[in-house]
Amino acid sequence: MIAIGGAIGTGLFLGAGGNLAKAGPGLAVAYAVCGVFAFFVVRALGELVVHRPSSGAFVSYAREFLGEKGAYVAGWMYFLNWATSGMADITAIALYVHYWSMFTSVPQWVLALIALAIVLSVNLISVRLFGEMEFWFAIVKVVAIVAFLLIGVWVLATRHPVDGQVPGLHLLSDNGGLFPLGVLPVVLVAQTVIFAYASIEMVGVTAGETAKPQEVVPKAVNSIMWRIAVFYVGSVFMLVLLLPWTAYSGSQSPFVTVLSGLGVPAAGGLMNMVVLTAAMSSLNSGLYTTGRILRSMAMAGSAPGFTSRMSRSNVPYGGVLLTSAVILCGVALNAWLPDKAFGIVTNIAALGIIATWCMIMICHLAFVRRANLGLAERPAFRLWAAPWVNFLTLAFLLGVIVMMWFDTDGPGRETVLLILPIAAALAFGWYRVRSRVRDPLQRL
């Protein structure tokens, strides 16, 4: 269920509307292509987990195959991704809660702070409570999408009008076909589509705390592919069969647009609750993941010592608290720049997830080379056609960054330019900790 929660998020519930407006029905193709590469990443990570389960996930594997410097870069880039994603999540939660009139007068930063406090408390209590909370979050998201797809099938079968439009395949042919704006917009929108799949790699982090990872991980990883096909590609295709692609926009969830067109009572409020749940789920997962990653790094000396501390219920509370402290900057950002807070932090998070996925593929590549030399044994569950799939995936991910630069209508170029200060900060940090990392006596 954690894997399901990672594969479904606000990228679908909110992002699909704006992306449909930019790329048209070809968005389904973009989701399919990006989904294939996302699956390659998780499959590679799954092979590493089966090889050696670890709650430190790819940071632990980066240390094994690339050395401490590789683990340092992998860990802090993933921390950057989740910390900034956490800021985006609390911002989104505050905006969603403002949808209901009774909360309109509450300052945005107050709602963001309350959301952080609730999810932090859940993470600090126990791993079991985290699992229970994430289970129910995933249930809400899955039920919402399945219900929408069933409603869509019924509407198509009965040809019930949606906002005055008769649904069917003719809505594609009558509105420019699959690529009404050309292929280029579909290519450019891939940079936002791939971020919709961010956090599916969480299955590798949680595997270190399962009873039988050799059995659980292959099932969870393999199921991701059909979830991508049904929940993302299927949902987008259904949307363009129910209404013309021009009916959608980034200002409203496309699911709300359809349900409102059907005259479903309180559709906006129900879908807003689902999207709110998705944001809470993301924040919940982020605190869980970074706590484990930071502990793994602290044990090697490349993170602050207090982040290695564990509670009696086996929660790495030091790392969880550090992440929460950074996310508090998002509360301040909501107080100072409430209208721009979400856009600022999501741009930084984008670079973090691309770096993380690249690091996973590089680690797997090093593992395969070691196996080819007879120094390791690959498990039966493995990434197919390695190392060629590794090279292809890395080329695709780097291509996404190149596409950002050419996306002049959005914040793409500013995001790419952030690579320079982030690289400088990583270099400075490594210079400060390298002596401690190299000296085993100074490790925790």
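Q: What does it take for a residue to be called exposed in this predicted model?
A: A residue is exposed when its relative accessible area is over 50%, and buried when that area is under 20%; anything in between is partly exposed.

Q: Why is L184 called exposed?
A: L184 has a relative accessible area of 57% and the cut-off is over 50%, so L184 counts as exposed. L184 lies in helix 10.

Q: What makes V29, V33, L178, F179, V183, L184 and V187 a nonpolar patch?
A: A patch of this kind joins nonpolar side chains within 5 Å, taken from residues with over 30% relative accessible area and no salt bridge. L184, at 57%, is over that 30% and therefore passes the area condition. Together the seven named residues, V29, V33, L178, F179, V183, L184 and V187, offer about 540 Å² of accessible area on the surface. Helix 4 (27-51) and helix 10 (184-188) each contribute at least two residues to the patch.

Q: Why is the pair E47 and R378 called a salt bridge?
A: The closest N and O atoms of E47 and R378 are 2.7 Å apart, and the limit is 4 Å, so the pair qualifies. The two residues are 331 apart along the chain: E47 is in helix 4, while R378 is in the loop between helix 17 (341-372) and helix 18 (388-406).

Q: How do you know whether E47 and R378 are buried or exposed?
A: E47 has a relative accessible area of 0% and R378 has one of 16%. Buried means under 20%, so both E47 and R378 are buried.

Q: What makes E64 and R52 a salt bridge, and how is each residue classed?
A: Their closest N and O atoms are 2.8 Å apart, within the 4 Å limit, so E64 and R52 form a salt bridge. E64 sits in helix 5 (residues 57-66) and R52 in the loop between helix 4 and helix 5, 12 residues apart. E64 is at 27% and R52 is also at 27%. That value is neither under 20% nor over 50%, so E64 and R52 are partly exposed.

Q: Why is E68, which pairs with R63, called buried?
A: The relative accessibility of E68 is 15%, which is under 20%, so E68 is buried. In its salt bridge with R63, the closest N and O atoms are 3.1 Å apart. The whole structure has three salt bridges.

Q: Why is D163 called exposed, and what is notable about its phi?
A: D163 has a relative accessible area of 60%, over the 50% cut-off, so D163 is exposed. Its phi is positive, about 55 degrees, although D163 is not a glycine. Most residues other than glycine have a negative phi. D163 is in the loop between helix 8 (127-158) and helix 9 (170-173).

Q: What makes the bond between A386 and P387 worth a look?
A: The peptide bond joining A386 and P387 is cis, with omega about 10 degrees. Most peptide bonds are trans. P387 lies in the loop between helix 17 and helix 18, as does A385. A385 has a positive phi of about 55 degrees without being a glycine.

Q: How do you know where the model should not be read in detail?
A: The chain averages a pLDDT of 83, and 90% of the residues score at least 70. Over residues 439-444, however, the pLDDT is below 50. Where pLDDT is low, the predicted coordinates should not be read in detail.

Terms used
Residues numbered from 1 in each chain as written. Predicted model: local features only at pLDDT ≥ 70, side-chain atom pairs only at ≥ 80, totals over all residues. Heavy atoms only, no water. Patch = residues over 30% accessible without salt bridge, like charges linked within 9 Å, V, L, I, M, F, W, Y side chains within 5 Å. Areas by Shrake-Rupley, 256 points an atom, 1.4 Å probe, with all protein chains shown as cover. Salt bridge = Lys/Arg side-chain N within 4 Å of Asp/Glu carboxyl O. Helix = DSSP H or I, 4+ residues; strand = E, 2+ residues; numbered from the N terminus. Buried < 20%, exposed > 50% of the residue type's maximum accessible area, 1.4 Å probe, protein only. pLDDT = per-residue confidence, 0-100. Contact = heavy atoms within 4.5 Å.
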